[in-house]
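Please take a moment with the sequence and the structure shown below before reading on. The report that comes after them is written for someone who meets this structure without earlier knowledge of it.

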Amino acid sequence: MEWRAMAPAEACDLMDFWEIAPWPLTRDQVQQLAVEWLGWTIEVENGVSYLMNRESGFTSPDVMTIGAKGELSYLKFAVADTIREVTPASRRFLGDAFTLVVREGEGRWGTPVMRDFETTTSAKWATGSGGAISFSLSRKGFSGMFATPQGVELDRKAQQW
C-alpha cells in the first residue's frame, strides 16, 4: 500500500496562509479564500456547502470549518491519507511524516508545546495573530488545525470553567 502525505513545507505553508488571513472571517469568506488561493473546492450536499482539499489527493479531502456567532473558529484538514488498517509500516509512515512536519514547524515558529494523550500526539504553536497552529498524530491519521484568534479566545474562556 502506498500512502500520501503533504511535504513538510506544504503543510506549514498552509498554516502560514491561514495565519496571515484577515481574521475575523466567516465560514463563507474562508471557503472563498481557500477556493481562490489554494485551489480547494466547495461541494454542496443537502443545501450545505463543505470545503474540500482535493488538491492533495488524500482519502479524506474534507476540511472541517467550525465557527461560532458567524466567525470561523477552527479549520482542520488532513495532512496525510487516512489509514484503514493499522500496521507497523503505516505507523512508521505517519510517524515519519509527523516528525518531519514538526521539524519544519520548529524552524518557522520555534519550539512547540508537545502533548501525548492515550492515542494522540500533538505539537502546538501560538501565533503572532493570536491564533494557534497544531498538528496531531493518531494511529490512523495525521491532521493539522488552525485555531483562529476567535477560536483561541473560545478555548481560553472554556478553560475558565
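What follows describes helix packing and strand pairing, and then turns to one residue in a strand.

The model is a predicted one, and the account begins with its helices. Helix α1, which covers residues 8–19, packs against helix α2, residues 27–38, at an angle of about 130°, and their axes lie 12 Å apart. Because of that angle α1 is oblique to α2, and the crossing of the two helices is right-handed. On the side of α1, the residues that take part are Leu 14, Phe 17 and Trp 18, and in α2 they meet Val 30, Leu 33, Ala 34, Trp 37 and Leu 38. Sorted by character, the residues of this contact comprise 8 nonpolar, no polar and no charged.

Helix α1 also meets helix α3, residues 88–109, where the two axes come within 8 Å and cross at roughly 50°. This angle, too, makes α1 oblique to α3, and α1 passes α3 in a right-handed crossing. In this contact Pro 8, Ala 9, Ala 11, Cys 12, Asp 13, Met 15 and Asp 16 of α1 meet Leu 100, Val 101, Glu 104, Gly 105, Arg 108 and Trp 109 of α3. The residues of the contact of α1 with α3 divide into 8 nonpolar, 1 polar and 4 charged.

Turning to the strands, the table lists pairs that run antiparallel.

| Strand pair | Bridges | Residues between the strands in the hairpin |
|---|---|---|
| β1 and β2 | 5 bridges | 2 residues |
| β6 and β7 | 7 bridges | 5 residues |
| β7 and β8 | 6 bridges | 3 residues |

In the hairpin of β1 and β2, Asn 46 in the turn has a positive phi of about 55°. Strand β1 spans residues 41–45 and strand β2 residues 48–52, and the bridge partner of Glu 45 in β2 is Val 48.

Strand β7, residues 132–138, is joined by 7 bridges to β6, residues 120–126, and it also pairs with β8 over 6 bridges. Between β6 and β7, Lys 124 stands opposite Ser 134 in β7, while Gly 130 in the turn of their hairpin has a positive phi of about 95°. Towards β8, Ile 133 has Phe 146 as its bridge partner. How many of the 7 residues of strand β7 are buried? The number is 5, so the strand is largely enclosed by the rest of the structure.

Ser 143 offers a view of strand β8, in which it has its place. Is Ser 143 buried or exposed? Its relative accessibility is 16%, and it therefore counts as buried, since the cut-off for that term is under 20%. Leaving aside its neighbours within four places in sequence, Ser 143 is in contact with Lys 76, Phe 77, Ala 78, Val 79, Ser 134, Phe 135 and Ser 136.

A further helix, α4, covers residues 149–159, and its buried residues are Pro 149, Gln 150 and Gly 151. Which strands do the buried residues of α4 pack against? They pack against β4, residues 71–78, and β8, residues 142–147. Strand β8 is thus a place where several parts of this account meet: β8 pairs with β7, it holds Ser 143, and the buried residues of α4 pack against it.

Definitions and conventions: Residues numbered from 1 in each chain as written. Predicted model: local features only at pLDDT ≥ 70, side-chain atom pairs only at ≥ 80, totals over all residues. Heavy atoms only, no water. Axes fitted to C-alpha atoms, helices over the stretch in contact; angles between N-to-C directions. Helix = DSSP H or I, 4+ residues; strand = E, 2+ residues; numbered from the N terminus. Parallel < 35°, antiparallel > 145°, perpendicular 65-115°, else oblique. Left-handed = near helix turned anticlockwise from the far one by under 90°. Contact = heavy atoms within 4.5 Å. Nonpolar A, V, L, I, M, F, W, Y, C, P; charged D, E, K, R; others polar. Buried < 20%, exposed > 50% of the residue type's maximum accessible area, 1.4 Å probe, protein only. Pairing = 2+ DSSP bridges.
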